[in-house]
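This report walks through helix packing, burial and backbone turns in one model. Please have the sequence and the 3D view open.

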Amino acid sequence: MENASAAENFIERMGLIAQVDGTPRIAGRLLGPLIVEGRPFTLDEMAERLQISKASASTNARLLRTSGIIRLVAHAGDRHDYYEVGSDPYRRMMATVGGRLAQIGAEVLEAEASFAETEADAKRRIRQLGDFYLRMAERLKDWSEHLEADAGNPN
């Protein structure tokens with residue numbers, strides 16, 4: 001790869017982004033080379049590239065595969081499993097983030113319910129926060145559905 005330091009920097013950033021988003025750092029790092037190089041990787045290649053154990057590569061690949069962000073592909077005549085970026089991975093990421101935002105909103109509203117009616121101002125502010133999270137989740141859901149509809153419409 002021509003600019004290896006830029007690629008390695010991107011891979012590390014993907015790990016940090018995943019970590020901030022509540023996903024294992026290794027899962028983000030594993031996605032990095034798949035995006036940068038645009039080719040399938042075996043678990044052995046991913047483990048070597050990222051200097052992690054094959055078990056860790058497998059666990060995190062399974063996590064990304066379950067969410068549809070990456071997929072398993074076969075190569076003719078090769079008995080190894082290969083992984084590549086899945087179809088429509090960014091919409092799938094959006095659904096995951098939206099689900100997390102909805103969960104946060106619900107938890108905030110649950111906390112709001114525990115405040116006494118005498119704390120009306122605090123309840124109002126907490127309810128506004130919960131509603132904010134729920135609205136963000138709903139917007140992501142709407143956007144995801146819009147992208148899905150656009151993908152099915154060739155015009």
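## L50 and its surroundings

L50 sits in helix α3. The model is a predicted one. L50 has a relative accessible area of 4%, so this residue counts as buried. Leaving out residues up to four places away in sequence, L50 touches I11, R29, L30 and P33.

Q103 is another matter. L50 and Q103 are separated by 53 residues in sequence, and their C-alpha atoms are 32 Å apart in space.

## Helix α3

L50 is one of the buried residues of α3, a helix spanning residues 43-50. The others in that set are L43, M46 and A47. The buried residues cover an arc of only 100° around the axis, so they lie on the same side of α3.

What follows the helix? Q51 comes after α3, with a positive phi near 55°. Q51 lies in the loop between α3 and α4. Its relative accessible area is 73%, and Q51 is therefore exposed.

## Helix α2

Helix α2 covers residues 25-37, 13 residues in total. From first C-alpha to last, α2 reaches 19 Å. That is close to the 18 Å expected at 1.5 Å a residue. The buried residues of α2 are A27, G28, R29, L30, L31, G32, P33 and L34. G38 follows α2 and has a positive phi, near 65°.

## α2 against α3

How do α2 and α3 cross? Their axes come within 10 Å and cross at roughly 105°. Angles of 65 to 115 degrees count as roughly perpendicular, and α2 and α3 are therefore roughly perpendicular to each other.

On the α2 side, R29, L30, P33 and E37 take part in the contact. On the α3 side, the residues are M46, R49 and L50. By class, the contact of α2 with α3 has 4 nonpolar, no polar and 3 charged residues.

## α2 against α4

α2 also packs on helix α4, residues 54-66. The angle is about 80°, and the axes are 9 Å apart. The pair is therefore roughly perpendicular. From α2, the contact draws on I26, A27, L30 and L31. From α4 come S56, A57, N60, A61, L63 and L64. This contact of α2 with α4 divides into 8 nonpolar, 2 polar and no charged residues.

L30 of α2 appears in the contact with α3 and in the contact with α4.

## Helix α4

α4 has 13 residues and reaches 18 Å from its first C-alpha to its last. The expected span at 1.5 Å a residue is 18 Å, so α4 is close to expectation. Its buried residues are S56, A57, N60, A61 and L64. Seen down the axis of α4, these fall within an arc of 125°, so they line one face of the helix.

What covers that buried set? The cover includes α2, α3, β2 (70-73) and β3. The face of α4 turned away from the buried side carries the exposed residues A55 and T66. Just after α4, G68 takes a positive phi of about 85°.

## Positive phi outside glycine

Most residues other than glycine have a negative phi. Q51 is not a glycine, yet its phi is positive, near 55°. D88 is likewise not a glycine and has a positive phi of about 60°.

Where does D88 lie? D88 is in the loop between β3 (82-85) and α5 (89-113). With a relative accessible area of 34%, D88 is partly exposed.

## M94 in helix α5

M94 belongs to helix α5. Is M94 buried or exposed? Its relative accessibility is 10%, so M94 counts as buried. Setting aside neighbours within four places in sequence, M94 is in contact with L140, W143, S144 and L147.

A137 is 43 residues away from M94 in sequence. In space, C-alpha to C-alpha, M94 and A137 are 9.3 Å apart.

Terms used
Residues are numbered from 1 along each chain as its sequence is written. This is a predicted model: local features need pLDDT of at least 70, side-chain atom pairs count only at pLDDT 80 or more; totals for chains, interfaces and linings use all residues. Side-chain values use heavy atoms; hydrogens and water are left out. Helices (H or I, at least four residues) and strands (E, at least two) are DSSP runs, numbered from the N terminus. Buried means under 20% relative accessible area, exposed over 50%, partly exposed in between (1.4 Å probe, protein chains only). Axes are lines fitted to C-alpha atoms, for helices over the stretch in contact, and angles run from 0 to 180 degrees between N-to-C directions. Angles under 35 degrees count as roughly parallel, over 145 as roughly antiparallel, 65 to 115 as roughly perpendicular and the rest as oblique. Contact means heavy atoms within 4.5 Å. Ala, Val, Leu, Ile, Met, Phe, Trp, Tyr, Cys and Pro count as nonpolar, Asp, Glu, Lys and Arg as charged, and the others, Gly among them, as polar. The arc is that of the directions from the helix axis to the C-beta atoms.
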